[in-house]
Amino acid sequence: AGGRAGGGGAQPAAAAAPAAPRKEINRQEVCPLLLRVFVKKGEPHKPEQFLNRATELVDDEVQIYTWKDATLAELSQLIQQVKPAAREKNALLQFRLVSPSGKAAGKFTTTLIGTVRADLAARRSEDDRRALQDTAFETGDFLDVTVVPLSSAATGSAG
C-alpha cells in the first residue's frame with residue numbers, strides 16, 4: 001500500500017518492475033495470498049467499476065489463493081478451470097494489474113502486464129513465464145483478465 005504514481009485510467013504495457021533476480025518462494029512454508037481476479041470477454045473492465053465491485057463485478061470474480069511467484073500461464077490454467085470463456089482455443093488472455101491510485105482516494109489505475117494464449121500448448125511467449133513478483137503487483141491489488149478472440153486481438157503477426 002505504498003504510494004503509487006499515476007492517475008486514473010489505463011497505463012502503458014511497461015508494468016514490469018526493474019529486472020531483479022526472481023525471489024524463490026517456498027510454497028510449503030509461505031502462506032498464499034488471496035488474489036481477486038475479474039474475468040471478462042471482449043474488453044477490459046473500466047477502472048471505475050472496481051469501486052462497486054461487490055455489486056457490479058460479482059459474476060466476473062474468481063478468487064485464487066496463490067503466491068507472488070505464480071506465472072501468468074499458471075494463473076491462466078486456474079482461471080480456465082472455472083471460466084469457460086477463458087478456455088477458447090483461439091483466444092488471448094490479457095492480464096491487467098488493477099491498483100489503487102496514489103494520487104486520489106477511491107480511484108484505480110490499470111496496467112497491462114502480459115498476454116497469454118488460452119491454448120497453452122500453442123506458441124509460448126515471454127509473458128507466460130512472467131510472475132506476479134516480476135510486475136508492480138502488491139498484495140491487495142486485483143487482476144483484470146480480458147478474454148480476446150485472436151481474430152479481434154491486436155497480435156501483430158499471429159500465426
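The protein has 7 salt bridges. A salt bridge here is a side-chain nitrogen of Lys or Arg within 4 Å of a carboxyl oxygen of Asp or Glu. Side chains of opposite charge can pair when their charged atoms come close. This is a predicted model, in which local features need pLDDT of at least 70, side-chain atom pairs count only at pLDDT 80 or more, and totals for chains, interfaces and linings use all residues. Residues are numbered from 1 along each chain as its sequence is written, and side-chain values use heavy atoms, with hydrogens and water left out.

## Salt bridges

The table lists some of the pairs.

| Acidic residue | Basic residue | Closest N and O atoms |
|---|---|---|
| Asp 69 | Arg 27 | 2.8 Å |
| Glu 61 | Arg 36 | 2.5 Å |
| Glu 43 | Lys 40 | 3.8 Å |

Take Asp 69 and Arg 27. They form a salt bridge. This pair links distant parts of the chain, 42 residues apart: Asp 69 lies in the loop between β3 (61–66) and α2 (72–82), and Arg 27 in the loop between β1 (9–11) and β2. Helices and strands are DSSP runs, numbered from the N terminus (helices: H or I, at least four residues; strands: E, at least two).

Asp 69 is buried, at 16% relative accessibility. Arg 27 is partly exposed, at 28%. Buried means under 20% relative accessible area, exposed means over 50%, and partly exposed is in between (1.4 Å probe, protein chains only). A network of salt bridges links Arg 27, Asp 69 and Glu 74.

Next come Arg 36 and Glu 61, another salt bridge. Arg 36 sits in strand β2 and Glu 61 in strand β3, so this pair also links distant parts of the chain, 25 residues apart. Arg 36 is partly exposed, with a relative accessibility of 23%.

Glu 43 and Lys 40 form a salt bridge too. Glu 43 is partly exposed, at 43% relative accessible area. Lys 40 is partly exposed as well, at 21%.

## The overall fold

How many helices and strands does the protein have? There are 2 helices and 6 strands. From the N terminus, their order is β-β-α-β-α-β-β-β.

The protein has 159 residues, and 41% of them count as buried. About 8,700 Å² is exposed, with carbon and sulfur atoms supplying 51% of that area. Accessible areas come from the Shrake-Rupley method with a 1.4 Å probe, and for residues only the protein chains shown count as cover.

A contact means heavy atoms within 4.5 Å. Among contacts between residues at least 6 apart in sequence, 73% join residues at least 24 apart.

## Aromatic rings

A pair of aromatic rings is described by the distance of the centres and the angle of the planes. Rings of Phe, Tyr and Trp (its six-membered ring) pair if their centres lie within 6.5 Å; planes under 30 degrees apart count as stacked, over 60 as edge-to-face and the rest as tilted.

The structure holds 5 aromatic pairs. One of them joins Phe 38 and Phe 50: this pair is edge-to-face, with 5.3 Å centre to centre and 80° between the planes. Phe 38 belongs to strand β2 (residues 33–41), while Phe 50 is in the loop between β2 and α1 (53–56), 12 residues apart. Phe 38 is buried, with a relative accessible area of 0%. Phe 50 is buried, also with a value of 0%.

Phe 50 pairs with Phe 108 too. Their ring centres are 6.2 Å apart and their planes stand at 55°, so the pair is tilted. Phe 108 lies in strand β5, 58 residues from Phe 50. Like Phe 50, Phe 108 is buried. Phe 38, Phe 50, Phe 108 and Phe 142 form one aromatic cluster.

## Strands β4 and β5

Strand β5 covers residues 108–117, and 8 of its 10 residues are buried. Strand β4 (residues 91–100) runs antiparallel to β5, and 9 bridges join them. Two strands pair if DSSP finds at least two bridges between them.

Gln 94 is in strand β4. Which residue in β5 stands opposite Gln 94? That residue is Thr 115. Gln 94 is buried, with a relative accessible area of 16%. Leaving out residues up to four places away in sequence, Gln 94 touches several residues, including Leu 112, Gly 114, Asp 144 and Val 148.

## A buried threonine

Thr 135 is in the loop between β5 and β6 (142–149). Thr 135 counts as buried, at 5% relative accessibility. A polar atom of the Thr 135 side chain lies 2.7 Å from the backbone oxygen of Leu 132.

Definitions and conventions:
Polar contact = N/O pair within 3.5 Å; in protein donor to acceptor, adjacent residues only side chain to side chain.
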